[in-house]
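Colleague: I've got a fold open on my screen and would like to talk it through with you. Can you pull it up too?

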Amino acid sequence: MLPTRYRLRRPAELRSTMRRGRRAGGATLVVCLRIAPADASPAAVSSRAAPRAGFVVGRAVGPAVVRNRVRRRLRHLLAARLGELPAGSQVVVRALPPAASAGSAELAADLDRALRRLGARLDSVGAGC
C-alpha cells in the first residue's frame with residue numbers, strides 16, 4: 001500500500017494530471033505524468049518532496065473484485081518505481097479492460113514501457129507539461 005504522502009486523493013488532482021500531463025500507454029494501461037513547474041505555488045512546492053500517484057480503474061475493467069485486484073497490483077508495481085520519478089511529479093495510472101486478464105508481469109512490463117517513454121519525452125521536450 002502507498003503511504004498517504006504518495007497518494008493523489010482528490011478527483012480534481014486526478015483530472016488535472018490526466019488533462020495537463022504527458023501520456024503514454026500500452027495494451028493494459030495508460031500512464032499520465034505531470035511535473036510541477038518551477039514557478040508553482042507554495043503549496044505545490046511543498047509537495048515536491050515526494051512524487052504522488054493515483055489510480056483509475058473503471059467499471060469496464062470488470063466487477064468490483066476484479067477492479068480492486070487490478071488496483072492492488074498496480075499500486076504494488078508503482079510503489080516500487082516511485083524513486084525513479086522526478087520530485088514533485090504526479091502520476092495517474094488508468095487501467096484498460098485487458099488489465100483484468102493480464103498477469104502482474106504483463107502489467108509491470110506495460111508500466112515500465114510507459115514510464116520509459118514518458119522519461120524520454122520529458123528529456124527531449126523539457127520538464128513542463
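**Sheet and salt bridges**

Modeller: Let's start at one pair: Arg22 stands opposite Leu33 in S2. Bear in mind that this is a predicted model, where local features need pLDDT of at least 70 and side-chain atom pairs count only at pLDDT 80 or more, while totals for chains, interfaces and linings use all residues. Residues are numbered from 1 along each chain as its sequence is written, and side-chain values use heavy atoms, with hydrogens and water left out.

Colleague: Which way do S1 and S2 run, parallel or antiparallel?

Modeller: Strands here, like helices, are DSSP runs numbered from the N terminus (E, at least two residues; helices are H or I, at least four). Two strands pair if DSSP finds at least two bridges between them. A hairpin of three residues links S1 to S2. With four bridges between them, S1 and S2 run antiparallel.

Colleague: In what order do the four strands form the open sheet?

Modeller: S2 also pairs with S4 in the antiparallel sense, over seven bridges, and Val30 has Arg94 of S4 as its bridge partner. S3 and S4 (residues 89-95), in turn, are parallel and joined by six bridges; there, Val57 has Ala95 as its partner. The pairing is therefore mixed, and the open sheet has the order S1-S2-S4-S3.

Colleague: Why is one side of S1 and of S3 left without a neighbour in the sheet?

Modeller: Strands of a sheet pair through backbone hydrogen bonds. S1 (22-25) and S3 (52-57) each have a single partner strand, so one side of each has no neighbour, because both stand at the edges.

Colleague: And what angle does the direction of H3 make with that of S3?

Modeller: Angles run from 0 to 180 degrees between N-to-C directions, with axes fitted to C-alpha atoms, for helices over the stretch in contact; contact means heavy atoms within 4.5 Å. H1 (residues 11-20) packs on the sheet, touching S1, S2 (29-35), S3 and S4, and makes about 90 degrees with S4. H3 (residues 64-79) packs on the sheet too, touching S2, S3 and S4, and its angle with S3 is about 155 degrees.

Colleague: How many residues of S2 are buried?

Modeller: Buried means under 20% relative accessible area, exposed over 50%, and partly exposed in between (1.4 Å probe, protein chains only). Leu29, Val31, Leu33 and Ile35 point one way from S2, Val30, Cys32 and Arg34 the other way, and all are buried. The buried count for S2 is seven of seven.

Colleague: Which residues are joined into one salt-bridge network?

Modeller: A salt bridge is a side-chain nitrogen of Lys or Arg within 4 Å of a carboxyl oxygen of Asp or Glu. Glu13 forms one with Arg10, closest N and O atoms 4.0 Å apart, and another with Arg52 at 2.5 Å. Glu13 lies in H1 and Arg52 in S3, so that pair ties together parts 39 residues apart in sequence. Through shared partners, the network joins Arg10, Glu13 and Arg52.

Colleague: Is Arg113, the salt-bridge partner of Asp110, buried, exposed or partly exposed?

Modeller: Asp110 and Arg113 both lie in H4 (residues 104-125), three residues apart, about one turn of the helix. Their closest N and O atoms are 2.5 Å apart. Asp110 is buried at 5% relative accessible area, whereas Arg113, at 37%, is partly exposed.
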